[in-house]
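Student: Could you take me through one part of this protein up close? I'd like to look at the spot where the ligand sits and how the two domains come together around it.

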Amino acid sequence: HPHFHYREGELFVEELRLTDLARQHGTPLFVYSKAAMLAALAAYQRGFAGRKAKICYAMKANSSLALLQVFARAGCGFDIVSGGELERVLAAGGRPQDIIFSGVGKTRAEMRRALELGIGCFNVESEAELDVLSEVAVALGRVAPVSIRVNPDVDPKTHPYISTGLKGNKFGIAHDRAVAAYQHAAGLPGLKVAGIDCHIGSQITEPAPYLDAMERILDLVEAVEAKGIRIGHIDFGGGLGIAYNGDQPPAADALWQALFARIDARGFGDRQFMIEPGRSLVGNAGICVTEVLYLKPGEDKNFCIVDAAMNDLPRPAMYQAFHAIAPLRAGSEGARRYDVVGPVCESGDWIARERELAVHAGDLLAVMSAGAYCMSMASNYNTRGRAAEVLVDGTQSWLIRERETPAELMRSERLLPGS
Ligand code: LLP
């Protein structure tokens, strides 16, 4: 992770010492590198150079407003999955026409708001949703641009909870029903077919599933267009993995070079291409700094109890995910094997297992690769306020989210009357 590096034994983010940031803002603390975000984006931009293309950041990965601002200013659109995310894009200065709306369960109210604002496209995931969207659009006197999310049925070889393009999960419309669904959509008064969409899963580390999925999507574009329905854009979803533990996912530019070789060979190079990357834009641009509270040696295991927990970093508990742990001050003297765990009252509240660490109470550790699906999935379990966030740009840093206070956590609650 070139933007997080040791200098004379101390961990830095860009030009700033992480220990200084932790002292200033407290822990647990998420710290993001703007340069790392823009470098990740640049790999996609290189892959799309000279093409009609739009990169729509899948903001579910991290929806903090300042991060959205960085991507909006860099020319990105946004892939949203709720009315809440829609309001976040607007608050961060994103343009409605650069928004695509994914998700299996859009409500009528969400559709209405998105139509009134004039978003770029609805990625529709079922026949029933096509009918409802058309109805809502007609009632507003609008026409909804749609693409149908098709399930290409390829195995992305990732964790089952984050694989989405196989038969038998709730996402998308089956490949063999897609042509009929497009014909249905084309006949509805409130819809205009704009494109096609797919998403095969997340944390994909091999190119093969992408290449297979692209062939299957192009087959469908041919079949749909043979019925006289024009597919203006091809949205290839997100999913490119990052290195958590020595994984070697393809680079975005190399992957798209390989994909465009196929696309051009089949004569579809003139279409507009869209993608919805989340994790690969922010995952390795962020870390979580946490303080060691207690060491608890044991017969079977040694525990290193830190002040971050599963409410801040839910991925290990949910997916047995691996996050590397890096001490803010390098050193290996007196190293022991530890399970790194948080203060939450659950056995599932672990952050890392069986790691060699040379630590003492009061030391600071960085949980690496924490930019994606950590803060955006954080909860208030055990009435723990969500952590603070800092964005670093060179020698400058900005507090982009204050630590949540108990008063804020209770703000929307009401006590019963009487005594
Ligand atoms: N587009 C759609 C329709 C999606 O469902 C997703 C992610 C993305 C784009 C972005 O995928 P990415 O580029 O980030 O892989 N919480 C899990 C990951 C869930 C992914 C859900 N969908 C985790 O922490 O691993």
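Tutor: Sure, let's start with the ligand. The shell around the ligand takes at least three residues from each of domain 1 (4-32 + 283-410) and domain 2 (34-282). Keep in mind that this is a predicted model. In total, 20 residues surround the ligand, and the closest are Ser-202, Gly-238, Gly-278, Arg-279 and Tyr-373. Two elements each give two or more residues to that shell: α10 (279-282) and α11 (315-319). As for chemistry, the shell around the ligand splits into ten polar, six nonpolar and four charged residues.

Now step back to the two domains themselves. The domain assignment gives domain 1 as 4-32 + 283-410 and domain 2 as 34-282, and their C-alpha centres lie 32 Å apart. Where domain 1 and domain 2 touch, 23 residues come from domain 1 and 22 residues from domain 2. On the domain 1 side of that contact, β20 (388-393) and β21 (396-401) are the elements that give two or more residues. The largest share there, four residues, belongs to β20. By class, the domain 1 side that touches domain 2 has twelve nonpolar, seven polar and four charged residues.

Next, the nonpolar core. The largest one has 117 residues, and those touching the most other members are Leu-18, Val-31, Leu-133, Val-146, Cys-288, Val-289 and Val-367. Helix α8 (residues 208-225) gives this core its largest share, seven residues. Like the ligand shell, this core draws at least three residues from each of domain 1 and domain 2. For a closer look at one member, try Val-31: leaving aside residues up to four places away in sequence, Val-31 touches Val-13, Leu-18, Leu-21, Gly-286, Ile-287, Val-289, Val-390 and Val-392.

One last stop is helix α5 (residues 108-117), whose buried residues are Glu-110, Met-111, Ala-114 and Leu-115. Looking down the axis of α5, these buried residues fall within an arc of 130°, so they line one face of the helix. That fits a general point: an α-helix has 3.6 residues a turn, so residues three or four places apart point the same way. On the other side of α5, you'll find Arg-108, Ala-109 and Glu-116 exposed. The buried residues of α5 pack against α4 (83-91), β7 (99-101), α6 (127-140) and β9 (144-151). Just after α5, Gly-118 takes a positive phi of about 80°.

Technical notes. Residues numbered from 1 in each chain as written. Predicted model: local features only at pLDDT ≥ 70, side-chain atom pairs only at ≥ 80, totals over all residues. Near = placed C-beta within 6 Å. Nonpolar A, V, L, I, M, F, W, Y, C, P; charged D, E, K, R; others polar. Domains from an automatic or database assignment. Core = buried A, V, L, I, M, F, W, Y, C linked by C-beta atoms within 7 Å. Buried ≥ 20, exposed ≤ 12 C-beta atoms within 10 Å, placed from the backbone. Contact = placed C-beta atoms within 7 Å. Arc of directions from axis to C-beta.
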